[in-house]
Amino acid sequence: MSVLTFIVLLCAFALYLLAALSLPIIKAIYLFQLNFTAANQPPTSIATNFRFGVWGFCASSVLDEPTVFTNDGECTKPQLGYTIPADILALAGYPPEITDALVKALTVLLVLHPTAAGLSFLTLLLGLFIRSHGITILTLVCCILTAIVGSVVLAADLAIGLVAEHKLKDEFGNLLQVTLGDATWMIGAAVALSWLGVIFLSAITCYCCGIHRKHGWYGDGYYE
């Protein structure tokens, strides 16, 4: 049971970390993208597709659309906190009121994603010592905090994509599309694993589900 719990915590941490290192650090992983289509205008080299990560964004045009492994577009350098130049969005045809909303949302995500990854790493580190009952309780507390923060991160990611798409579609129709990125689904899987870890650690802590305490010369442990 302890080994299975550690594997679950390890997988959760890997997913949280990948999402936290999203574009432009790992360009194939991003939170969401905006795609603006100007009505009755021919395709140009002006950037109309913007993909956003925790540490920056990449822009590309319809003449040179981004792919998974090639053509990342023009990307900003990884930085702690970034802004979206209003003139770039205006040139691409985006309404100026989008800028402020995006900056506020991205600031929240910038804080939450690394926090979830950090808590997940702490939980994983403590998970190496769950042979001790006291450490197991502490690991459970950290895992609960990780699951809660991860759930908030997932809710924020979904809110940006789904709510923004709903509101903007009412105002701009099909000209502006908001699409969730793969980082959001990674966070969703990590949250599910975190809550699964909470269940496993709770069972170990209270000796439930056939888990018993083992005593001996080599210390305490758990077995089923």
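This passage describes the nonpolar cores, the sheet and the aromatic pairs of a predicted model.

The largest nonpolar core holds 31 residues, and those touching the most other members are Tyr16, Leu31, Phe32, Phe52, Val153 and Ile187. Two or more residues of this core come from each of α1 (2-20), β1 (32-36), β2 (49-52), β3 (57-60), α3 (97-126), α4 (133-172) and α5 (182-205). Helix α3 gives the largest share, 6 residues. Leaving aside residues up to four places away in sequence, Val153 touches Leu112, His113, Ala116 and Ile187. There is also a second, separate core of 10 residues, with Leu9, Phe13, Val198 and Leu201 among them.

Turning to the strands, 5 of them form an open, antiparallel sheet in the order β4-β3-β2-β1-β5. Strands β4 (74-75) and β5 (176-180) each have a single partner, so one side of each lacks a neighbour in the sheet. Antiparallel strands β3 and β4 are joined by 2 bridges, and Cys58 stands opposite Cys75 in β4.

Across the whole structure, 5 aromatic pairs are found. In one of them, the rings of Phe13 and Phe121 have centres 5.5 Å apart and planes at 50°, so this pair is tilted. Because Phe13 lies in helix α1 and Phe121 in helix α3, the pair ties together parts 108 residues apart in sequence. Phe13 is buried, at 17% relative accessibility, whereas Phe121 is partly exposed, at 43%.

Phe32 and Phe52 make a stacked pair, because their ring centres are 5.1 Å apart and their planes are at 20°. Phe32 is buried at 2% relative accessibility, and Phe52 is buried at 0%. Together with Phe50 and Phe57, these two residues form one aromatic cluster. Finally, the charged end of Arg51 sits over the ring of Tyr30, 5.6 Å from its centre.

Terms used: Residues numbered from 1 in each chain as written. Predicted model: local features only at pLDDT ≥ 70, side-chain atom pairs only at ≥ 80, totals over all residues. Heavy atoms only, no water. Core = buried A, V, L, I, M, F, W, Y, C linked by side-chain atoms within 4.5 Å. Buried < 20%, exposed > 50% of the residue type's maximum accessible area, 1.4 Å probe, protein only. Helix = DSSP H or I, 4+ residues; strand = E, 2+ residues; numbered from the N terminus. Contact = heavy atoms within 4.5 Å. Pairing = 2+ DSSP bridges. Phe/Tyr/Trp six-rings, centres within 6.5 Å; stacked < 30°, edge-to-face > 60°. Lys NZ or Arg CZ within 6 Å of the ring centre and 35° of its normal.
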